[in-house]
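Colleague: Please take a close look at the ligand site, starting with the polar contacts. After that, go through the rest of the fold as far as the model allows.

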Amino acid sequence: MNKTAKIIIEDKEYQLPIIEGSQGEKALDIKKLRDDSGYITYDIGYKNTGSTSSNITFIDGEEGILHYRGYAIEELAEKAEFLEVAYLLIYGKLPNQSEYSDWKNKLTRHSLVHEDVKKVFDAYPTGAHPMGQLMTMMSMMSSFYPNAQDPHNTQEDRDLTIVRMMAKMPNLCAMMAKKRNGHPVLYPNNSFDYIENYLYMTFGNPCEPYQIDPVVKSAMNKLLILHADHEQNCSASTVRMVGSAHTNLWATIASGIAALWGPLHGGANQEVLEMLQEIKDSGFTSKQYVEKVKNKEAGVRLMGFGHRVYKNFDPRAKIIKKACDDILNKLGVKDPLLEIAKELEEMALSDSYFVERKLYPNVDFYSGIIYRALGYPTDMFTVLFALGRLPGWIAQWKEMLEDKQPISRPRQIYTGEQPRAFVDIKNR
Ligand code: ACO
């Protein structure tokens, strides 16, 4: 039997249908509330608003659970390859052997980026933030593939756009790394797989053969999987919102990159490293820094702490913390920033300010330390997040389109001036 909830507004009763998810999540369907009662619901920042139903990712923030299409993140991070996970997110199932080799083969064959793209790179000022560059490159790609303008093209066209985007993304990310160093761009090498190629294009040079370090490759694989999707976060919601206007996929993903860039979202991984470095350079003790955070000094937050959904622990942070120790040990890296991070975490976890507000380390707290150990400059960290998140964004966009969801268009409560007459400039 369909469940309903009753709501009484100004002595009048309204019935609201109850929706239940496959993991027992419950929601009130308020779609018709305004038509029936004249009321809208009010929830700044969508703190308690379900913007969609989705089959892709499940999070239980209280229990610290994260599943992609029903598979636990812990198991995927341990056993899967990033491209398997990308396929799983986008197409809804783990690929069998022939599907997987076809997928990898297509991603290899479409990895070249049009030579004219380099001209745009050349126009960028040296030192421009890589996320700004990535956003531009992504939206610019729509000009190279005019048949991708219409997202309602055939399934075949849509799949080709997805393959092109996934295939070219590592190349675009690596081109930015090369430009910032003033080194020549390296073309993808088809004897390498997806992650190997990204490492080669980023760290290799034309003067000598590039040796893949299995520790680095495996670390990258894990990190990309951990970042691959996270249901209706700020960037995924942006992607769904922009895509709901039937904007093409390239421009839509560019909007996701813009959202991710922000320091409260994916940009936090860069901020964490900068915060740890600041603590080290300034000579503050961790305790002094935590005091600044608790005193809410202007602009001071414990970056990499807190999450809108996780109120117990972020399962990705747990995996990353362990991986961080393993990887630094295997690479023989001793990083003083790791010690500061651990000290901050220990202090925060036993401090009532953080405990009462349920603030725990999130995915960004330790990831930057691994990226640093792998040799990435700090301003590339959020680009690495985007590289991992791309299949999640694509999956969210595809689902939104295939479910024929309407254009996203929230309402508001107007709090401005009453209607008034225009005043001529002479009389103001
Ligand atoms: N350091 C100190 N205080 C914090 C922090 C933090 N990192 N995060 C939240 N708080 C405090 C707030 O000041 C607020 O306190 P108050 O009740 O006294 O006013 C309370 O905790 C609630 O915080 P909100 O900002 O309302 O929580 P919200 O859910 O809106 O924000 C967010 C979540 C943006 C992640 C926040 O915790 C934050 O800014 N964290 C730091 C940035 C960060 O690490 N972002 C990455 C998130 S993961 C991701 O997007 C990939």
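Modeller: A polar contact here is a pair of N or O atoms within 3.5 Å. By that cut-off, K47 qualifies, because one of its polar side-chain atoms lies 3.1 Å from an oxygen atom of the ligand. Keep in mind that this is a predicted model, and the distances are computed from it.

Two further side chains reach oxygen atoms of the ligand. For R357, the distance from a side-chain N or O atom to a ligand oxygen is 3.0 Å. For N362, the corresponding distance is 2.9 Å. The surroundings as a whole comprise 22 residues, and the closest are H265, K296, R301, L302 and R308.

One of these closest residues has an unusual backbone. Most residues other than glycine have a negative phi. K296 is not a glycine, yet its phi is positive, at about 55 degrees. K296 sits in the loop that joins α13 (286-294) to α14 (315-331). E231, also not a glycine, has a positive phi of about 40 degrees. Its place is the loop between α9 (214-226) and α10 (234-243).

Next, the domains. The assignment gives domain 1 as 4-50, domain 2 as 72-260 and domain 3 as 268-374. K47 falls within the bounds of domain 1, whereas R357 and N362 fall within those of domain 3. Taken over C-alpha atoms, the centres of domain 1 and domain 3 are 38 Å apart.

The bounds of domain 1 also take in an open sheet of three strands. Its order is β1-β2-β3, and the pairing is antiparallel. β1 (4-9) and β3 (26-28) are the edge strands, each paired on one side only. On average, and with direction ignored, neighbouring strands of this sheet are turned by 30 degrees against each other. Between β1 and β2 (residues 12-20), six bridges make up the antiparallel pairing. T4 has P17 in β2 as its bridge partner, and I8 has E13 in β2. Two residues separate the strands in the β1-β2 hairpin, where E10 takes a positive phi near 45 degrees.

A further open sheet of three strands has the order β4-β5-β6, again with antiparallel pairing. Here β4 (57-60) and β6 (71-72) are the edges, and each pairs on one side only. β5 (residues 65-68) joins β6 in the antiparallel sense over two bridges. In one of the bridges, H67 is partnered by A72 in β6.

Finally, there is a helix pair. The axes of α6 (residues 130-144) and α18 (residues 381-402) come within 8 Å and cross at roughly 35 degrees. From α6, the residues P130, M131 and L134 take part, and they meet T382, V383 and A386 of α18. By class, this contact has five nonpolar residues, one polar and no charged ones. The ligand contacts of K47 and R357, by contrast, are made by polar side-chain atoms.

Notes
Residues are numbered from 1 along each chain as its sequence is written. This is a predicted model: local features need pLDDT of at least 70, side-chain atom pairs count only at pLDDT 80 or more; totals for chains, interfaces and linings use all residues. Side-chain values use heavy atoms; hydrogens and water are left out. Two strands pair if DSSP finds at least two bridges between them. Helices (H or I, at least four residues) and strands (E, at least two) are DSSP runs, numbered from the N terminus. Axes are lines fitted to C-alpha atoms, for helices over the stretch in contact, and angles run from 0 to 180 degrees between N-to-C directions. Domain bounds come from an automatic or database domain assignment. Contact means heavy atoms within 4.5 Å. Ala, Val, Leu, Ile, Met, Phe, Trp, Tyr, Cys and Pro count as nonpolar, Asp, Glu, Lys and Arg as charged, and the others, Gly among them, as polar. A residue is near a molecule or strand if one of its heavy atoms lies within 4 Å of it. A polar contact is a pair of N or O atoms within 3.5 Å; within protein, one must be able to donate a hydrogen and the other to accept it, and residues adjacent in sequence count only if both atoms are side-chain atoms.
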